[in-house]
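Okay, thanks everyone for coming. I'll walk you through one structure today, so have a look at the screen and then we'll go piece by piece.

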Amino acid sequence: ALAAAQEQGGQILYGGGPRTIQGLEGGFYVTPAIVAVENQCPIVQRETFAPILYIIEYDELDQAIELHN
C-alpha cells in the first residue's frame, strides 16, 4: 500500500517500515505511517488493513466532509 501511494504521487511523512516484534517473528507487521496524498488516488479508496493515516488537504469544512464520504 505504501509503495502504491508513492507511485500515485503520495509522500510518506512518517513510518511505514517493516517491524519485528519479539516472540511474534512469524507475523507481518508494519510501523504505523502517515502519508500525504490526493483523495482521488486509487490507494486511498482501498482498505489496506494496515496502520496508515492518509493526510488529504482541503479548503473548507464542506469539502472535507465530501472527501470523507
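Let me start with a question: which residues does Val35 touch, if we don't count residues up to four places away in sequence? Bear in mind that this is a predicted model. The list goes Leu2, Ala5, Gln11, Ile12, Leu13, Ile52, Leu53, Tyr54 and Ile55. Val35 sits in strand β4. Its relative accessible area is 0%, so we call it buried. One of those contacts is worth a distance: Val35 and Tyr54 are 19 residues apart along the chain, yet 4.9 Å separates their C-alpha atoms.

Now, the core. Val35 belongs to the largest nonpolar core, which has eleven residues. The other members are Leu2, Ala4, Ala5, Ala33, Val37, Cys41, Ile43, Val44, Ile52 and Tyr54. Where do they come from? At least two residues each are supplied by α1, which is 2–7, by β4, which is 33–36, and by β5, which is 52–55. The largest share is from α1, with three residues. As a general point, nonpolar side chains tend to be buried together in soluble globular proteins.

Leu2 shows how that core is knitted up. Leaving out residues up to four places away in sequence, Leu2 touches Ala33, Val35 and Ile52, along with Ile12 and Gly16.

On to the strands. β4 has a partner in β1, residues 11–15, and the two pair in the antiparallel sense over four bridges. β4 also pairs with β5, this time in the parallel sense, again over four bridges. If you want to see both pairings from one residue, look at Ile34, which is in β4. Opposite Ile34 in β4 stands Tyr14, and in β5 the bridge partner of Ile34 is Leu53. Further along, Ala36 stands opposite Ile55 in β5.

Here's something to keep in mind about strands: in a regular one, the side chains alternate between the two faces of the sheet. In β4, Ala33 and Val35 make up the covered face, while Ile34 and Ala36 are on the uncovered one. β5 has Ile52 and Tyr54 on its covered face, and Leu53 and Ile55 on its uncovered face.

So how does Ile34 come out, buried, exposed or partly exposed? Its relative accessibility is 31%, so it counts as partly exposed. Its contacts, again without residues up to four places away, are Gln11, Ile12, Leu13, Tyr14, Leu53 and Ile55. The C-alpha atoms of Ile34 and Tyr54 are 6.0 Å apart, with their positions 20 residues apart along the chain.

Tyr14, over in strand β1, has a relative accessible area of 53%, so it is classed as exposed. Beyond its neighbours within four places, Tyr14 is in contact with Pro32, Ala33 and Ile34. From Tyr14 to Ile43, C-alpha to C-alpha, the gap is 17 Å, and the two are 29 residues apart in sequence.

Next, the pocket. How much space is in the largest one? About 250 Å³. Its lining is made of Asn39, Val44, Gln45, Ile52, Tyr54, Ile56, Tyr58, Ala64, Leu67 and His68. β5 and α2, which is 61–68, supply at least two of those residues each, and α2 gives the most, with three. By class, that lining has seven nonpolar residues, three polar ones and no charged ones.

Let me pick Asn39 out of that lining. Asn39 is in the loop between β4 and β5. At 17% relative accessibility, and with buried meaning under 20%, it counts as buried. Its contacts beyond four places in sequence are Val44, Gln45, Ile56 and Leu67, and each of these is also named in the pocket lining.

Last one: Phe49. Phe49 is in the loop between β4 and β5 as well. Most residues other than glycine have a negative phi. Phe49 isn't a glycine, but its phi is positive, at about 55°. And is Phe49 buried or exposed? With a relative accessible area of 74%, it is exposed.

That's what I had; happy to rotate the model if anyone wants another view.

Terms used: Residues are numbered from 1 along each chain as its sequence is written. This is a predicted model: local features need pLDDT of at least 70, side-chain atom pairs count only at pLDDT 80 or more; totals for chains, interfaces and linings use all residues. Side-chain values use heavy atoms; hydrogens and water are left out. A nonpolar core is a set of buried Ala, Val, Leu, Ile, Met, Phe, Trp, Tyr and Cys residues joined through side-chain atoms within 4.5 Å. Buried means under 20% relative accessible area, exposed over 50%, partly exposed in between (1.4 Å probe, protein chains only). Contact means heavy atoms within 4.5 Å. On a 1 Å grid over the protein atoms alone, a cavity is a set of points where a 1.4 Å probe fits but cannot get out, and a pocket is an open set with protein on both sides within 12 Å along at least five of seven lines; lining residues have an atom within 4 Å of a point. Grid points are joined across faces, edges and corners, and a volume is the space filled by probe spheres set on the points. Ala, Val, Leu, Ile, Met, Phe, Trp, Tyr, Cys and Pro count as nonpolar, Asp, Glu, Lys and Arg as charged, and the others, Gly among them, as polar. Two strands pair if DSSP finds at least two bridges between them.
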